[in-house]
Each structure stands twice: as C-alpha cells, then as structure tokens.
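I opened this notebook to record what I looked up in one structure. The entries follow the order in which I consulted it.

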Amino acid sequence: MCGIIGYIGKKQAAPVLLDGLKRLEYRGYDSAGISVIGENGSRKIFTLKATGKVAILEEKISKQNIIGNIGIAHTRWATHGKPCDKNCHPHLDCSGNISVVHNGIIENYRQLKNQLIKNGHHFSSETDSEIVAHLIEEFCKKMDFREAVLQSLKLLKGTYGLAILHKDHPAQMIVARLGSPLLLGVGKEEFIVASDACAIVQYTDKVVYLEDGEVALITSEGFEVMNIKNKQIEKKVSTLDWDMEQAQKNGLPHFMLKETFEQPESVKNAMRGRISKADGMARLGGLRDVEKKLKNINRIIIVSCGTSYYAGLVGEYMLEEYAGIPVEVEYASEFRYRKPILNRKTAVIAISQSGETADTLAAILEAKNKGALTLGIINTVGSTIARETEAGVYNHAGPEMGVASTKAFTSQLTILTLLTVFLGRQREMSLVTGQRILKELEKIPAQIETILKQGKEIKKIALKYKNYADFLYMGRKYNFPIAMEGALKIKEIAYVHCAGYPSGEMKHGPIALIDKNFPSLFVVPKDSVYEKNISGMQEIKARGGKIIAIATVGDKEIKKQANDVIFIPKTLEMLTPLLSVIPLQLLAYYVGVSKGYDVDKPRNLAKSVTVE
Ligand code: M6R
C-alpha cells in the first residue's frame, strides 16, 4: 500500500525521509522515491527514484549530496502502470518545478490528462498521480501556488492523500486529504507529514489528523488548515500514545482486527473506478487485452488454496447463475497433479492474496502449458502469479499482515462479483440485472460497517462458546463456502476443531455428532434456501444441540430456532457472503484472543506458503 512522508524543519530532510520510508515498508510496496528542494545556491528539486527496496534508493542517495530542509517521499504500491522508476513517485510537472506524491486513485485522470496534453503538457509516467503536478503547473500560470493547488483539487474525482512542493516556494509544503489518510506531526520547529503514524512516532507524539476535504499549508514556523474553498479550519493537536508496533496496527491490538475493520475501505478499493452504472458493466482494465478471448470461453476453472479457494467457490455460484458459464473450482494442490482436460476455450483463474503460493503457481504454469487462457485475481502487485498469468485483476486491498486472510477474502469476492457482471454482460445478462448487482455491491461497504459496529455483542457470543472443543459450521448455496471459510478461521486462529459443511449434507453423517456439548453455527440469511436451513436447525435443536445463527436483520422466526443470533443487513443473495463472513472472522478472533493465542501468527502457519 502506498505510503507518504514529508519533512520541513531545521534538520536535513533526506535522512528523515529515508527513515520514514523504512518505517512504512511494512505496508508493502514495489518502489520508492524522494524529492528535496536543494540549497547550496542551486534552488532546484532533487528527485531520486528506485524500483524495489528502500535500500536501493538509500544507496542512490548516498552517492549524491542532497542538502535541503524540505522534502517529500513515497513508497508505491502499483495501481496504474507497472512498478518501475518512471511510474514511481514523486511525479514532476513539465518544468520540474513542482513535485507531488500521491496515495489513492484519481478516477477521472484520463479526461484530465487528455485535456492537459492538448494544452501542451508532456507526461513521463503511466500513472494517474502525475496529472496532479501538471494540473497545478497549469493553474500556476494564472495564480499563486496555494490557489493553484486548491483549484486543482476541485477538479479531482477519486481519493487522495497528497504532499506537494514548489521550487519557487522553498519554505512551503502543501498537503491534502480526501479518502486517504494523512496526519501532521508537530515537532519543535519541524513538521512531519505521513500517511501512517508509524513514520511520525519517533519524532513527536503531537499530531493533527487531517479530515477529508482538508488542505494544510505548512512552513517550518507553523501551519494553517483550510478546505478547498480556502475557508480556514481550526484544528486540535492530539497526543499519540502509541509505540511503533501499535502505530502500524493503527492503535488496535492485532493486525487481524485492524484488517477486519479495514474491510469497508478495502471492498471500496476493489470496486473503485470499476463500476459503470449507465451500461451496467464492470470496467476491468487488467482484462482489456483479453476481452475478445473472454467472449469465446465456454468453461472456467478456478485454482486456489485455503481462504482463496473458498472465495473461488462463491465465484462458482455467481458465475454459473449470472454469467451462464460452467465453472469448476479446484484445490491448486490437486489440480497440479491431475491430468486436467483443457483447451483454448477454457480460462483458468488463479485466486491468491500473496500471488506467491507454490501450489497455485504450479497449477497456473500447468494450465499455461496446456494452452488455456490464464488469469489472476491477485492482491500483491508484481507477484509471481501476477506476472505468470496472461491478464488479471488486482484486489487493491493493501498488504495483509495477519496470517488469517480477512480483507483479502472480501476483496476477492468483490472482484468475482465484478467479473461475473463483466462476463455476464458479454453474454446474456440484461442491462437491468447488471445495474442491480452493481448498485447493491456499492452498498456493501456501509453494510459491513453496520456489522462491525456489533463487535461487542459478537465478542459476548464468542466468550460464551469459547470453551467448546468442537463445532459444526453450516450454510447452503452461496453460504456453504462461507461456513467452510468460517470453520477455517476458527481452526487456524483459535485452534478449535470445526467442520464446515453444506447444511443439506448434515443428515448424511455429521448429525451423529450432535449433543449438548457440540454446538452448531448456521449461516442462514433470508435467501432461496432459507426454509431448508431452518429444517436443518430444527433437527439439531431436537437433539439438544446449541445453535448460533447468522441471519438477516428483521428475521423474527430465527430467534425461535437459535440460541444466539448475529444479524446482517439485507442484500442480494449472491452478495450475502460479503456480509455473512464478517461475524465469523470476529468470532474466530475473539475466541483466539480470549485463549491468549497470537492471532496474527498462529502456530505452524506462514502468511505465504511458497513451498509444497
Ligand atoms: O496467498 P494465497 O491467497 O494464495 O494463500 C492461500 C492460503 O494459504 C491462505 O488463504 C490461508 O488459507 C490463510 N491462512 C487463510 O486465512
């Protein structure tokens, strides 16, 4: 995930910026860069960039004599354009006078870029971010720097955290926030701007949190905050009582909890700029080159492991029901040793958070050898599977640090929904159906928010059931994979034995386990299989088994059947997994924590399984 650091004060800026970049490394990145306004009589902006680790940038900087007390720097996690020096931030305008670092996505950058090109601007990168430098340059022809920044911001659609320098204003830095975090560390005669508190805590514990729509003009003497209409805003200086590790976790005790709570944002990021409501279509830039091939495929095989495999299973239900394409989902570890029958009309899709899982990679290489079209739904930009597949869609969930996959899973489901709309609209799906799915998908982030607000009640339920040694998790149709995913979560985080099952299969065996010491959890939203699930619950109840239910808000019947209920908002049946999985993540988390386990690093597990 991109990171920003900026410095203005009495110290040399370059070492402070480098130190900040190192502290931002944990967020994941593919390249890094720095701009410092030079002194020594040579008033120019020194900019250095490096693809790969911050250490490479450090090496480059050590060979230069960069003297200056004001600078900005960035770690980039590619969104528009591949990871390489020219796409790395900071980005400069045509004259090299303005330098910009940017987090977020400028959704209307194409229109703005076309207009700027018409006005004679030359672009050096493929990024959306570069347009900000050129826009400011354009406005600077008619007004001062501050006003030019404000006018530029008015034209941007999307999200941004920005830090901006101008060579002719060597004592000023302008920063702005809209949907991408930015805070200002207030030190003694110095200010440090960062997208993440972890780059600030070692300099000061006094911070100003910028809110969306706010812009700050900073000098070494002080700062003022305004909105984009130049109206002054009073800001409170807060005290940060976090250490470094807490800062990385945003003040929360574990990465798993932080990442669970990030899901409204990561789901938004997965769909950002990819929804075209007017034509009920998903815009998936990474598939542009294979659009024609995708029109001709008549079969899909999804290969993946663990949580990513369960996302694939949800995808199977979506794609078959709405895109009308036959889908098989395979454990990559099985697929790689089978003799799969593939041809050019088969698309093999790898789903992987890390993009490095050995089995998934081997499965994709096998599919490639056999002539199938290979695609990836990958979170880690530039990872091996992302490179080995012919085309694909990135999740943009940001790095996932907790071993348990949480936000990567919901972003995978979001991409699979978009892919279903994309392939469906290439085929028989009507405009109205495409529009309805996209409209409901857009509501999901706010709906996840309402579930997260029930954290305390979910914790209570977790504590009530924490001492049971065995569980049966069940669901049907779209929520059968969610029962499996919930069971995996509580196994890996809380070391509780739990079997995930399609609820219709219960009577074929597992029901023999049920007694008062063996509780069950049913994922039972109001959907096309609701009544079937209720029958299953009645059978458990009749045998003295306790039941937790994940049900749709407003369901009055459910309380008669279940001992404890967690409600989720109403949505389309195909989208319920995006909501029903959230309580299951929290249940696993709270049970694991209550037992004193290290939920971020469960025993025997690795975040990325790069060996067989
Ligand atoms: O990086 P990937 O998505 O390819 O990883 C696949 C699995 O190893 C992963 O989902 C694993 O099951 C997680 N620990 C689940 O929380």
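The entries below cover the domains, the cores, the ligand and three single residues.

**Entry 1. Domains.** I began by noting that the model is a predicted one. I then looked up how the chain is divided, and found domain 1 at residues 3-240, domain 2 at 247-449 and domain 3 at 455-594. For domain 1 and domain 3 I noted a distance of 47 Å between the C-alpha centres.

**Entry 2. The largest nonpolar core.** Which residues touch the most other members of the largest nonpolar core? I listed Leu287, Leu294, Ile300, Leu375, Leu423, Tyr473 and Leu587, out of 92 residues in that core. Helix α20, residues 576-594, supplies the largest share of this core, with 11 residues. I recorded that the core lies between domain 2 and domain 3, because both give residues to it.

I took Ile300 as an example from this core. Setting aside residues up to four places away in sequence, I found that Ile300 touches Leu319, Ile325, Pro326, Val327, Glu328, Ala347, Ile349 and Leu423. I also noted a second, separate core of 31 residues, whose members include Leu21, Ile34, Leu57 and Cys198.

**Entry 3. The ligand.** Which of the 15 residues around the ligand come nearest? I wrote down Ser308, Ser352, Ser354, Thr357 and Glu492. I then looked up individual atom pairs. Ser352 places a polar side-chain atom 2.6 Å from an oxygen atom of the ligand. The backbone takes part at Ser405, where an N or O atom lies 2.8 Å from a ligand oxygen atom. At Val403, a backbone N or O atom lies 3.2 Å from a nitrogen atom of the ligand.

I next checked how far the ligand is covered. Taken alone, the ligand exposes 410 Å², and the protein buries 90% of that. The elements giving two or more residues to the shell around the ligand are α10 (306-323) and α17 (480-494).

**Entry 4. Lys491.** I turned to Lys491, which lies in helix α17. Is this residue buried, partly exposed or exposed? With a relative accessible area of 37%, I entered Lys491 as partly exposed, since the value falls between the limits of 20% and 50%. Neighbours within four places in sequence aside, Lys491 is in contact with Val496 and Cys498. I also looked up Lys491 against Met401: the two are 90 residues apart in sequence and 18 Å apart in space, C-alpha to C-alpha.

**Entry 5. Glu107.** I located Glu107 in the loop between β6 (98-103) and α3 (109-118). Its relative accessibility is 39%, and I entered Glu107 as partly exposed. Which residues is Glu107 in contact with, leaving aside neighbours within four places in sequence? I found Lys157, Gly158, Arg272 and Gly273. Between Glu107 and Asp600 I noted a separation of 493 residues in sequence and 34 Å in space, C-alpha to C-alpha.

**Entry 6. His121.** I found His121 in the loop between α3 and α4 (130-140). Is His121 buried or exposed? I entered His121 as buried, because its relative accessibility of 5% is under the 20% limit. The side chain of His121 makes a polar contact of 2.5 Å with the side chain of Glu138, and another of 3.1 Å with that of Glu137. Not counting residues up to four places away in sequence, His121 touches Cys94, Leu116, His134, Glu137, Glu138 and Lys141.

Key: Residues numbered from 1 in each chain as written. Predicted model: local features only at pLDDT ≥ 70, side-chain atom pairs only at ≥ 80, totals over all residues. Heavy atoms only, no water. Core = buried A, V, L, I, M, F, W, Y, C linked by side-chain atoms within 4.5 Å. Buried < 20%, exposed > 50% of the residue type's maximum accessible area, 1.4 Å probe, protein only. Helix = DSSP H or I, 4+ residues; strand = E, 2+ residues; numbered from the N terminus. Domains from an automatic or database assignment. Contact = heavy atoms within 4.5 Å. Near = heavy atom within 4 Å. Polar contact = N/O pair within 3.5 Å; in protein donor to acceptor, adjacent residues only side chain to side chain. Areas by Shrake-Rupley, 256 points an atom, 1.4 Å probe, with all protein chains shown as cover.
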